Amino acid sequence: MRVQDVLIDDTFAEAFPMAVSRLVITADSPRLAFQAAQAATGLAFSIIGCACEAGLGAALSSDQTPDGRPGQAVLLFSYSAEKLEEHLFLRIGQAILPSATSACFNGLQAEKTAKVGSRLRYFGNGFQSSKLLDGRRYWRIPVADGEFVLDEMYGLGQGVGGGNLILLGSDRAAALEAAEAAVAAVCGIPGVIAPFPGGVCRSPSKPGSRYKNVRASTNDAFCPTLRSRTATQLSPEVKAVYELVIDGLSEEAVGQAMAAGIRAACRPGMLRITAGNYGGKLGPYHLHLHKLLETYPG
Amino acid sequence: MRIELELASPSDLQVDMGMLSPSKVLSLPPGEIEKLTVLVAGRPYPLGEHFKLTRSEAGVDELVLFGQTRRIVSAGRGMDAGRLVINGEAGPFTGLEMKGGELEVSGNAGDCLGVAMCGGLLRVRGSAGDWCGASLPGQARGMTGGTIFVDGNVGLEAGAGMRRGLMVVGGNSGESMGAGMLAGTIFCLGRLGPGAGLELKRGSLVAGSSLMLLPGFRPAGEADPEWLHIYLTSFRRLGLTYPHVWDRQPPQRFTGDHLVLGKGEVLVYDILE
């Protein structure tokens, strides 16, 4: 299949269930809310090294937040609910709490919950207090610009991680331009994130390594400088490859985002779009590129 | 289904309806409701002797009381579900020990509204008497949950001994609002009566205006209104109105009552001289 003369491989991205949480971060201004959200998603690019993948969701207007202030949604993913709970505690406590004027609310209703506010409250050293409204408990922790307000519990849902697109271009500038256009399209779909810096990954990995204790290594089949030394996936015209990793609240959201990403990436200088999988043996979600383009027509 | 009960017996005697929960009444077949017992001046009578019953189909299941409703005592006592509407004035002990459901009074309510309430929503369109949401005599704990909205004023010792829950008073409060509060949240959109927060241990009292507070309260500067905005946002979504200035201006905060535990707070938007 070709879209705008770009070859779309007849293959699929193999995605996995992941624990997911959604935060609603508010502050006195959209800028401050964005700043706090950005801090909360720091060093959360890849599950392999960070144990957490996180990204910014939509900017929220004051009528979409519990406290009537401007806000920013954040999605966080991890491989288990327990690990995600650890990250919520760490990121809310170390990144959001210190951010000026911030508050942090649960943005996902789920059966399973993580106790975060009820642990972080001890930072108040006995001066903390709580409020219970409509069955939801909020903690108030005194800080130097007033109070940090956060939810006691945060929903831990099941999302989908590992949706991906691999973009092969005729030169680095064209491939990067296509990748950035794809990220913009992906981020326009509600409930998904592209966790890598700027949403783009230049270091696609494969599991395992020739070195013991190294869990993942560079995906040599996609490295242009290794085309003479490995079983390369690259035709001679391909000069640069970028990957997009896409996590979402549902398989549908990830699929829709992938379709939007493919379409946006099909532009001059792009040669081929493919996706990474493990032969279908590991992940239960198989997102076939051709099917996605049929299911979600542009 | 909607069931209307009109209290129309020619007497001034109080009618205790504390044994009838709306969900129970609504679940009974025709003919059985009239056989239920009410206490008139403390003596049991079949409900049908004092009330005229009308049954109609409606979008929501509700029990409606009207007529001489001021004579009705303990309406909605211990109710845990369903919807009860009192079209008119409610007598004392309305919503006593209420656990859930929704109770609405279109007029004023008597003393002891929502005493020892632990859940549900109680809304009074008029004013309420003394000891609204307070504790039963001899007990330390008042409301332990639920929400009371009173559009008008409340009498003395509203929310006394409150342990948890929310009370919103649209008008002014009588003396000693929130006396002995253990926790919970009270909003008095109008003027706070004297002696408010006496022996307040924890919890929050928020008021539009107040005279100088009791000596057990210490000024703590401007409050951070962040948690208040969560409540005000919730009020807006419920269609409750409050002074617009509350959205812009933080209230003054007083902590106390330092004669007891001192972990409570009184927030006042306008301190009167």
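Start in chain B. Select Leu84(B): across from it, in strand 9 of chain B, stands Leu103(B). This is a predicted model, so treat every stop as a computed feature.

**Stop 1: the parallel strands of chain B**

Widen the selection to residues 83-86 of chain B, which form strand 8. Add residues 102-105, strand 9 of chain B. The two strands run parallel and are joined over four bridges.

Now move to the next pairing of strand 9. Select residues 118-124 of chain B, strand 10. Strands 9 and 10 of chain B also pair in the parallel sense, over four bridges. For a marker, pick Glu102(B); its bridge partner in strand 10 is Leu121(B).

While the strands are on screen, look at the side chains. In a regular strand they alternate between the two faces of the sheet.

**Stop 2: an open sheet in chain B**

Stay in chain B and colour strands 4, 3, 2 and 7. They make an open sheet of four strands, in the order 4-3-2-7, with mixed pairing. Which strands lie at the edges? Strand 4 (43-46) and strand 7 (72-73) do, each pairing on one side only.

Zoom in on strand 3, residues 37-40 of chain B. Strand 3 pairs with strand 4 of chain B in the antiparallel sense, over four bridges. Label Val38(B) and Tyr45(B): they stand opposite each other, with Tyr45(B) in strand 4.

**Stop 3: the interface**

Show both chains. Select the contact residues: 22 come from chain A and 19 from chain B. About 1,400 Å² is buried between the two chains, and carbon and sulfur atoms give 50% of that area. On the chain A side, highlight Lys131(A), Leu133(A) and Arg140(A). These three lose the most area to chain B, together 36% of what that side buries.

Next, turn on polar interactions. Between chains A and B there are two salt bridges. One of them to select joins the side chains of Arg140(A) and Glu265(B), at 2.7 Å from N to O. The interface also holds 10 residue pairs in polar contact, both residues of each at pLDDT 80 or more.

Which elements of chain A give two or more residues to the side that touches chain B? Select strand 6 (103-106), strand 8 (129-133), strand 9 (136-143) and strand 10 (146-151) of chain A. Colour the chain A side by residue type: it divides into seven nonpolar, six polar and nine charged.

**Stop 4: Arg69(A)**

Select Arg69(A), in the loop between strand 4 (53-60) and strand 5 (71-78) of chain A. Is Arg69(A) buried or exposed? Its relative accessibility is 9%, so Arg69(A) counts as buried, the cut-off being under 20%.

Follow the side chain of Arg69(A) across to chain B. There it makes a polar contact with the side chain of Glu226(B), at 3.0 Å. Then show the other contacts of Arg69(A), leaving aside neighbours within four places in sequence. Among them are Thr26(A), Ala27(A), Asp28(A), Ser61(A), Ser62(A) and Thr101(A).

**Stop 5: Ala265(A)**

Finish in helix 6 of chain A, residues 251-265. Ala265(A) sits in this helix. Ala265(A) is buried, with a relative accessible area of 0%. What does Ala265(A) touch, not counting residues up to four places away in sequence? Show Leu167(A), Ala178(A), Ala182(A), Met270(A) and Ile273(A).

Last, draw a distance from Ala265(A) to Ile96(A). The two are 34 Å apart, C-alpha to C-alpha, and 169 residues apart in sequence.

Technical notes. Residues are numbered from 1 along each chain as its sequence is written. Chains are lettered from A and ligands numbered from 1 in the order in which they are written. This is a predicted model: local features need pLDDT of at least 70, side-chain atom pairs count only at pLDDT 80 or more; totals for chains, interfaces and linings use all residues. Side-chain values use heavy atoms; hydrogens and water are left out. Contact means heavy atoms within 4.5 Å. Buried area is the accessible area (1.4 Å probe) that two parts lose on being put together, summed over both. A salt bridge is a side-chain nitrogen of Lys or Arg within 4 Å of a carboxyl oxygen of Asp or Glu. A polar contact is a pair of N or O atoms within 3.5 Å; within protein, one must be able to donate a hydrogen and the other to accept it, and residues adjacent in sequence count only if both atoms are side-chain atoms. Ala, Val, Leu, Ile, Met, Phe, Trp, Tyr, Cys and Pro count as nonpolar, Asp, Glu, Lys and Arg as charged, and the others, Gly among them, as polar. Buried means under 20% relative accessible area, exposed over 50%, partly exposed in between (1.4 Å probe, protein chains only). Two strands pair if DSSP finds at least two bridges between them.
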